[in-house]
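Hi,

Here is the structure I promised to pass on. Have a look at it first, and my notes on its pockets follow below.

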Amino acid sequence: MDAMFVIVRAVHFGALVALLGGLVFTVSIAGTGRSSGDAIGGRRSRAAIDSSALWLALAMGSGLAWLGLEAATMSGQPLGEALGRKTLDTVLTGTDFGQVWLARGALSLLLAGLLVLASRRSPTARRGMLVLGAIAAAALLSSLALVGHANAEHGAARAIHLVADAIHLLAAGAWLGALIPLAAWLGAPIAAGNGRTLDGVAGAVHRFSSLGLLSVSTLLVTGLVNASFTVVTIPALLATRYGALLLVKLAMFVAMLALAAINRLRLTPSLADAAVEASARAAIVARLRRNVIAEVAFGVVILVVVGALGRTMPAAQASAMAPTMPMR
């Protein structure tokens, strides 16, 4: 059951991160669909709608699976029996988790409606629908904080932890999620002699770099706040399963930072330099894409770890419950 929980949680987190990141990339990084006469931008925005619909469908499916697993855990029944109407009704209407899931289900349907409207509007109106969709996706992702470890806190501590969790999720979605469409965008055919195309790519990469810098800073601050609740001490970090998982997550995060630093400090300035030959700039784009794909791979590992962390007792609690050595 725990393995199923980890997989379902990781898929759900990943789908929502990709959903938000794709919409953020479309409306603020790629800059597509801003003009009714922008045929290429219109095609890209329609492609973004299609991919967003797929990620939303995956999020809704994994969300239903998560609900079923929670129903089985809460009721103590086998999974097949827990999926009965009576048990599900009790979980949805009689538990905090169920109330959150009902609200998130309504939000998912709202987002689906926005995507349908966006697909039927003109390019100018479509952009507005996609902006609203990004806001709905942000609310859907950040609402996962309501079913996390922050609920173990009380009073002001709970509020601070919830806010930190929500902002942490949003920063992860904006950065990690946007890496996926960025990798696809960089993989589009680029003519070596087409300086205007390369200039457009350079502008998008620069905008993404600025977004990444803001997101990383936010992740570091909110991560420290969260650790002050879930870890507290270095011994707890080193001596618990939660701490071990968190260290793996940090290692993957550092690897992503290293690649992001290379992209921002070395590759992006060279790509933006019009004096560099077009063929050399095209090679830089290819290297950027390889680095971005590697970042996505590290991010996938992080998502799996996040799925496991949600099913693991926080280090601070595990450390407090551990037996102490008797004094002699």
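Let me start with α2, which contributes more residues than any other element to the lining of the second largest pocket, seven in total. Please keep in mind that this is a predicted model.

That second largest pocket holds about 320 Å³ of space. Its lining is made up of 20 residues, and those nearest the centre are F25, T26, A48, S51 and P181. Besides α2, the elements that give two or more residues here are α1 and α7. Sorted by class, the lining has twelve nonpolar residues, seven polar ones and one charged.

Now for the largest pocket, with a volume of about 1200 Å³. If you want to find its centre on screen, look for D165, H168, N226, K249 and L309, which lie nearest to it among the 46 lining residues. Two or more residues each come from α1 (2-29), α2 (39-75), α7 (155-186), α8 (195-230), α9 (234-239), α10 (241-272) and α11 (278-309).

Which element gives the most to the lining of this largest pocket? That would be α8, with eight residues. As for the mix of classes, 30 of the lining residues are nonpolar, eleven are polar and five are charged.

One thing to look at as you turn the model: α1, α2 and α7 each give two or more residues to the lining of the largest pocket, and α1, α2 and α7 also do so for the second largest.

Cheers

Key:
Residues numbered from 1 in each chain as written. Predicted model: local features only at pLDDT ≥ 70, side-chain atom pairs only at ≥ 80, totals over all residues. Heavy atoms only, no water. 1 Å grid on protein atoms, 1.4 Å probe; cavity = no way out; pocket = protein on both sides within 12 Å on 5 of 7 lines; lining within 4 Å. Points joined across faces, edges and corners; volume = space filled by probe spheres on them. Helix = DSSP H or I, 4+ residues; strand = E, 2+ residues; numbered from the N terminus. Nonpolar A, V, L, I, M, F, W, Y, C, P; charged D, E, K, R; others polar.
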